[in-house]
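Open the model in your viewer and switch to a cartoon view with side chains available. We will make a few selections in turn.

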Amino acid sequence: MADINLSNKFKAMKTAIIRYPFLLIILVLVLGMVACEDQQEEEDIDNEPFHERVIDKSLKRGLSYNLTDSADFEALKSGVSWWYNWYITSSAPAGYFENYELEFIPMIWGNNSGNNNTILINFILEHPEIDYLLVLNEPNLTDQANLSPSQAAEEWLTYESVINDLADQGREIKLVGPAMNWGTMPGYSDPITWMDAFLEAFQSQNNRAPIIDYLAFHWYDYGLQAQLDRLQKYGKQIWITEMANWNSNIDSYTEQIQQMYEMVTLCESRDDVFRYAWFIGRGGYPDSKFTYLFEESPGALTDLGEVYLSIPFSN
């Protein structure tokens, strides 16, 4: 009986459509609208942020330091948005981004040659908040990455391969570097001299410009504004991934606080500064450079650290 009733219903529907063809058009439109709504709902779910920020703080402000202690994270969470540790992974407590809204930015420090690319790629894939990769720390310092412009041009292809491999897996990661400083490499102490030679070498070797989404820069003296002005020739926004004032005239935390305030205020005011990081959290004691944000005890901020969190910002 059920089969007969179902057959009769189909016959009645067919007859109605033949007599009134506009009913078919309406039916198609309704089904299409339902399908579009379902697809939009799926897209909305896919595009939802993995974590909505609730802490009002500078998105530029960071720290160059190997953060691992939950007490240090708790102390920084009201004013610092990111950090890095000069390495490709972090041993920070699980849930560090959701709990403290601090992003970890991985770094390929120097001549990697692809040895750790699998570890790096897997780490980034496991952390959806990561959007950037730092590369090549102070290549014109002989006790740091220590790569000539030509050597760096060859190595840069390995950095690009990481970005391309991640893109193939659906992750768009921006390349940040090289992290330039005034250096000790003969003929390339000036970071601009090294950078110009690097760009020329890469173009010569590959018949194209390197993939560089942002430049990185370090500064440890007076005159930050003038140095940033020099970098404008490259047309890139800047990450200042290490900054403090190590000038010998700075001989107290009081003087360093004044320098910090001026440097941070400058970075917050300039559109060409995308992010910046104070150097450093803590280190050996005594703090001869007067730059530590932390006391020896986990979670305890110095006066300098308190000021760093409190300097006004505008996102």
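Select Asn117, Leu120, Ile121, Ile124 and Leu125 in helix H5, then Thr158, Ser161, Val162, Asp165 and Leu166 in helix H6; these two groups meet. By class, this contact has six nonpolar, three polar and one charged residues. Keep in mind that the model is predicted.

Now show the whole helices: H5 covers residues 117–126 and H6 covers residues 149–168. Their axes lie 11 Å apart, at an angle of about 40°. H5 is therefore oblique to H6. The crossing of H5 past H6 is right-handed.

Next, select helix H9, residues 253–269. Put a distance between its end C-alpha atoms: they are 24 Å apart. That agrees with the expected span, because 17 residues at 1.5 Å a residue should also give 24 Å.

Stay on H9 and color its buried residues: Gln256, Gln259, Met260, Met263, Val264, Leu266, Cys267 and Glu268. What do the buried residues of H9 pack against? Select strands S1 (61–64), S7 (214–219), S8 (238–243) and S9 (273–278), plus helices H8 (224–231) and H10 (303–310).

Finish with H9 and H10. Their axes are 10 Å apart and the packing angle is about 15°. Angles under 35 degrees count as roughly parallel, so H9 is roughly parallel to H10. This crossing is right-handed. On the H9 side, pick Tyr253, Gln256, Ile257, Met260 and Val264; on the H10 side, pick Asp303, Leu304, Val307 and Tyr308. The contact of H9 with H10 divides into seven nonpolar, one polar and one charged residues.

Definitions and conventions. Residues numbered from 1 in each chain as written. Predicted model: local features only at pLDDT ≥ 70, side-chain atom pairs only at ≥ 80, totals over all residues. Heavy atoms only, no water. Axes fitted to C-alpha atoms, helices over the stretch in contact; angles between N-to-C directions. Helix = DSSP H or I, 4+ residues; strand = E, 2+ residues; numbered from the N terminus. Parallel < 35°, antiparallel > 145°, perpendicular 65-115°, else oblique. Left-handed = near helix turned anticlockwise from the far one by under 90°. Contact = heavy atoms within 4.5 Å. Nonpolar A, V, L, I, M, F, W, Y, C, P; charged D, E, K, R; others polar. Expected span 1.5 Å × (residues − 1). Buried < 20%, exposed > 50% of the residue type's maximum accessible area, 1.4 Å probe, protein only.
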